[in-house]
Amino acid sequence: MAEKVIAVNRKARHDYFIEDTYEAGIVLTGTEIKSIRAGNVNLRDSYVAIRDGEAWVQGMHVSPYRHASTHDQAPDPLRPRKLLLHRNEIGRLAGKVAEKGLTIVPLRLYLKDGRAKLEIGVARGKKLYDKRQTLAERDAARQIERALRSRGRDEW
């Protein structure tokens, strides 16, 4: 089961606390999957909406495939795309989103056994001070790592 990561939504982990993750398939056209395999996709500012018992990813930009003829192109690079999830998973997600302050965001897009999969996460928004705390923790870990590396060099 080889996985090839195509796109990662790093902004999602910066802006949200991820509470739970799910793997979903995506309904795509032929030229869209070719464009995704070429890496022409952007997950920033995208989100998942649940309508009529179905999950849809909104705002995911898939650039038109360069080598496709004009009539094979997808009509809109930002069109909503249906996610393939089990009914009980969609129900669980809908229940969590009904809670105050929770949303569903795409975390990464990858190919698994030749099929495009989207990892989605149930997320709670971070406040500004949470973001600052996360940055401070990351900076402290980086300084500790740097200090340990330089200490190892001094012993030689």
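Rings of Phe, Tyr and Trp (its six-membered ring) count as a pair if their centres lie within 6.5 Å; planes under 30 degrees apart are stacked, those over 60 are edge-to-face and the rest are tilted. By that rule, a search of the whole structure finds zero aromatic pairs.

This is a predicted model, where local features need pLDDT of at least 70 and side-chain atom pairs count only at pLDDT 80 or more, while totals for chains, interfaces and linings use all residues. Residues are numbered from 1 along each chain as its sequence is written, and side-chain values use heavy atoms, with hydrogens and water left out.

**Strand pairing**

Helices (H or I, at least four residues) and strands (E, at least two) are DSSP runs, numbered from the N terminus. Two strands pair if DSSP finds at least two bridges between them.

| Strands | Bridges | Direction | One bridge pair |
|---|---|---|---|
| E2 (residues 16-26) and E9 | nine bridges | antiparallel | Thr-21 and Gly-121 |
| E8 and E9 | ten bridges | antiparallel | Leu-102 and Arg-124 |
| E1 and E8 | five bridges | antiparallel | Ala-7 and Leu-109 |

E8 and E9 form a hairpin with two residues between the strands. There, Asp-113 takes a positive phi near 55°. E8 is mostly covered: nine of its eleven residues are buried. Buried means under 20% relative accessible area, exposed over 50%, and partly exposed in between (1.4 Å probe, protein chains only).

**A charge over a ring**

The charged end of Arg-108 sits over the ring of Tyr-110, 4.3 Å from its centre. The test requires NZ of Lys or CZ of Arg within 6 Å of the ring centre and within 35 degrees of the ring normal.

**Helix H2**

H2 spans residues 30-37. Its buried residues are Thr-31, Glu-32, Ile-33, Ser-35 and Ile-36. They pack against strands E1 (3-8), E3 (41-42), E6 (61-62), E7 (81-84), E8 (102-112) and E9 (115-125). Contact here means heavy atoms within 4.5 Å. After H2 comes Gly-39, with a positive phi near 85°.
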